[in-house]
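This briefing covers the packing, the enclosed space and the model confidence of one protein chain. Please keep the sequence and the structure in view while reading.

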Amino acid sequence: MNVDRRRRWLADLALAGVTFIWGATFVVVKEALESSSTLLFLALRFSLAAVVLALLFRRRWERPGRADLGAGVAVGVALFLGYLFQTLGLRLTTPAKSAFITGLSVVLVPVLGAVVYRSRPSWNALAGVACGTLGLYWLVAPAGAWRISAGDGLTLLCALSFGVHILLLGRFSRRVGVAMLSVIQVGVAAILALGSFWWAEEPFVRWTPTLLGAVVACGLLATALAFSVQTWAQQFTTPTHTALLFTLEPVFAWGTSYLVMGESLEGKALWGAGLILAGIVASEWR
């Protein structure tokens, strides 16, 4: 196995591990939100991650140029918006539904890429959008009429933001160092959360073991570790291939939610989840 292929395999394994961490934390965040307001939780999560990353990469840190700083800020804003909409939506929907709707970011990546680069979407991207849209309908409105809830609507905005994040990270990860891009994007997300939690909503916090555990797990594993690994891995693979590996996230989230909370999907909701997964795979099929 040559060096490039070995790196791609390692990148794929790393991204699969990251996906497992993200899938498992949907339930963790859902339970933590009973003890904290949304933006305050994000501020705690991203601040812890930013401090850890700054300490971890302190010897590799170089003063960023204007272009590097701009790239990190753009990726960080997309990251913050994705988690803001996801966390707001998770208050009002279930972990499994949140995960499957978030997974639509994968379907959006090739479509957004076609718009940005002014190219025609491929047939498989269009097929993925069609399957994902129908699956979304069955998942969020299993009783029949189209009535998307506020939580599901916010999670759709989350999917759009994460699609943009994957594209931006794919564009900049080869140009900006892993250490610099990891620290800046998480630092930007922390600054945005810290700058808004005290006025954008009514802050509250109860320092329960569940909240402390969620902050540590999400800050260290699902943010500091996960986004450092993703930034490194996307040097050796494409944004669309990254998105394909992320199809595992809703599956992991569903399994965790079933084991911890007993959440199950039945009838049209189950078919909807299956169609979303089919759309995700179709959009990346080669």
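The largest nonpolar core has 62 residues, and those with the most contacts inside it are Trp22, Phe41, Leu42, Phe46, Leu79, Tyr83 and Leu139. A nonpolar core here is a set of buried Ala, Val, Leu, Ile, Met, Phe, Trp, Tyr and Cys residues joined through side-chain atoms within 4.5 Å; buried means under 20% relative accessible area, exposed over 50% and partly exposed in between, with a 1.4 Å probe and protein chains only. This is a predicted model, in which local features need pLDDT of at least 70, side-chain atom pairs count only at pLDDT 80 or more, and totals for chains, interfaces and linings use all residues. Residues are numbered from 1 along each chain as its sequence is written, and side-chain values use heavy atoms, with hydrogens and water left out.

**Cores**

- Helix α9 (residues 209-233) gives the most to the largest core, with 10 residues; helices (H or I, at least four residues) and strands (E, at least two) are DSSP runs numbered from the N terminus.
- Another core, of 11 residues, lies apart from the largest one and includes Ala71, Val75, Leu181 and Val188.
- Beyond its neighbours within four places in sequence, Leu79 is in contact (heavy atoms within 4.5 Å) with Phe46, Phe162, His165, Gln185, Val186, Ala189 and Phe227.

**Cavity**

- The structure holds one cavity of 30 Å³ or more; a cavity is a set of points, on a 1 Å grid over the protein atoms alone, where a 1.4 Å probe fits but cannot get out, and lining residues have an atom within 4 Å of a point.
- The largest cavity has about 280 Å³ of space, the volume being the space filled by probe spheres set on the points, which are joined across faces, edges and corners.
- Of the 22 residues that line the largest cavity, Trp22, Tyr83, Gln86, Phe162 and Glu249 are the closest to its centre.
- At least two lining residues of the largest cavity come from each of α1 (3-32), α3 (66-90), α4 (95-102), α5, α7, α9 and α11.

**Threonine 256**

- Threonine 256 sits in helix α11 (residues 248-261) and counts as buried because its relative accessibility is 17%.
- Outside its neighbours within four places in sequence, threonine 256 is in contact with Gly23, Ala24, Val27 and Met261.

**Confidence**

- The chain averages a pLDDT (the predictor's confidence in each residue, from 0 to 100) of 85, and 95% of the residues score at least 70.
- Among the elements of the chain, helix α10 (residues 239-245) has the lowest mean pLDDT, 72, and helix α2 (residues 38-56) the highest, 93.

Terms used: 1 Å grid on protein atoms, 1.4 Å probe; cavity = no way out; pocket = protein on both sides within 12 Å on 5 of 7 lines; lining within 4 Å.
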